[in-house]
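Colleague: Please take one short loop as the starting point and look at it closely. From there, lead me through the rest of the chain, explaining each term when it comes up.

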Amino acid sequence: MSIPPSASWTIRKIFKLRSLVQPWIKSVVGNGLDTFLWLDNWHPLGPLFSRFGERVVYNLGRSLFSKVASIISNDSWCWPRSRNAVTKEIIEHTPTTLVPNSGQSDFVVWLLNAHGFTIKSAWDSIREVKIDVTWWKVVWFKPHIPHWAIIQWLAIHGRLATKDRLQNWGTVPNTSCVLCNASLESHLHLFFMCPYSSYIVGQLLRICGYRRGLISLDQEIGWASQHMTGNGL
């Protein structure tokens, strides 16, 4: 299926993931009326068109959009008579346990979850699993506010649009800190060296019962991971 020209950016990105998730979508053949012979993942060899290309359609004398029902007769497989290697390979890899059933409709199963499709199982199948960072619960705890969590996540990675970064993009004429107007606005200055923000953070720590001064970004992240996990910052 081709991507519609009018499709949105989101739909286009989703369509591009088809090849990643297709192995986990299995068509279970009954009468074969709802399963595409060459395009769907119903055979142990996978989608036959993806494996063999156009030659499989040409060799077996069927159209690209033929249904599995076209090779079923009296609840048995009825492959076209052909001596080419492709046909032989398909037949050899069709197990005796894979038999059609005219009394049952085709249906689709999601192989990664016995209870059906879930977003979590789909995401786990395509994402690259890495070691958890120590501070993830500081940002992504259950009652977190998404907008605030994104800002906090960007700050930890040093990716906020501070003026030192905006200067590199040529979008700001003045790079002075917006709070104190005395130094270059950077992540380090904005959160730890600016006298105005340092005072505010110090007061918040005092209100929360913490009697200490500010420390470096890495140390603050480590401290928050130990003392504020599950509560946010």
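Modeller: D75 lies in the loop between β2 and β3, where helices (DSSP runs of H or I, at least four residues) and strands (runs of E, at least two) are numbered from the N terminus. Although D75 is not a glycine, D75 has a positive phi of about 60 degrees. N74 is found in that loop too, between β2 (72–73) and β3 (76–77), and N74, likewise a residue other than glycine, has a positive phi near 55 degrees. These values deserve a second look because most residues other than glycine have a negative phi. With a relative accessible area of 72%, N74 is exposed, whereas D75, at 34%, counts as partly exposed; here buried means under 20%, exposed means over 50%, and partly exposed lies in between, with a 1.4 Å probe and protein chains only.

This is a predicted model, in which local features need pLDDT of at least 70 and side-chain atom pairs count only at pLDDT 80 or more, while totals for chains, interfaces and linings use all residues. Residues are numbered from 1 along each chain as its sequence is written, and side-chain values use heavy atoms, with hydrogens and water left out.

Another loop, the one between α5 (85–92) and β4 (107–110), holds T94. T94 has a relative accessibility of 14%, so T94 counts as buried. If we set aside residues up to four places away in sequence, T94 touches H43, W77 and W79, a contact being heavy atoms within 4.5 Å. With H43 there is also a polar contact of 2.7 Å between the two side chains (a pair of N or O atoms within 3.5 Å; within protein, one must be able to donate a hydrogen and the other to accept it, and residues adjacent in sequence count only if both atoms are side-chain atoms). On the backbone side, the oxygen of I90 lies 2.7 Å from a polar atom of the T94 side chain.

I90 leads us to the largest nonpolar core, which has 17 residues; such a core is a set of buried Ala, Val, Leu, Ile, Met, Phe, Trp, Tyr and Cys residues joined through side-chain atoms within 4.5 Å. The members that touch the most others are W38, W42, L48, F52, V56, V68 and I90. Two or more residues of this core come from each of α3 (48–52), α4 (54–59) and α5. A second, separate core has 9 residues, among them V138, A149, L205 and A224. Returning to W42, its contacts beyond four places in sequence include K26, T35, L48, V68, W77, W79 and L98, and W77 and W79 are also touched by T94.

Charged pairs add a further kind of link, because side chains of opposite charge can pair when their charged atoms come close. The structure holds 4 salt bridges, each a side-chain nitrogen of Lys or Arg within 4 Å of a carboxyl oxygen of Asp or Glu. In one of them the side chains of E89 and R51 meet at 3.2 Å, N to O, and this pair links distant parts of the chain, since E89 is in helix α5 and R51 in helix α3, 38 residues apart. E89 is partly exposed at 23%, and R51 is partly exposed at 44%. Elsewhere, K120 and D124 form a salt bridge of 2.9 Å, N to O, and both lie in helix α6 (residues 119–126), 4 residues apart, about one turn of the helix. D124 also meets R127 in a salt bridge of 2.9 Å. K120, D124 and R127 are thereby joined into one network by salt bridges that share partners. Within that network K120 is exposed at 62%, while D124 is partly exposed at 31% and R127 is partly exposed at 33%.

Further along the chain, helix α10 (residues 187–193) contains H189 as well as H187. H189 is buried at 7%, and H187 is buried at 12%. Leaving out neighbours within four places in sequence, H189 is in contact with C177, C180, S183, L184, C194 and S197. The corresponding contacts of H187 include L154, L160, T162, R165 and F192, and the H187 side chain reaches the backbone nitrogen of L160 at 3.0 Å. For a sense of distance, H187 and G30 are 61 Å apart in space, C-alpha to C-alpha, and 157 residues apart in sequence. Helix α10 is also one of the elements against which the buried residues of α12 pack, the others being α7 (136–139), α8 (146–156) and α11. Those buried residues of helix α12 (residues 217–227) are E220, I221, W223, A224 and S225.
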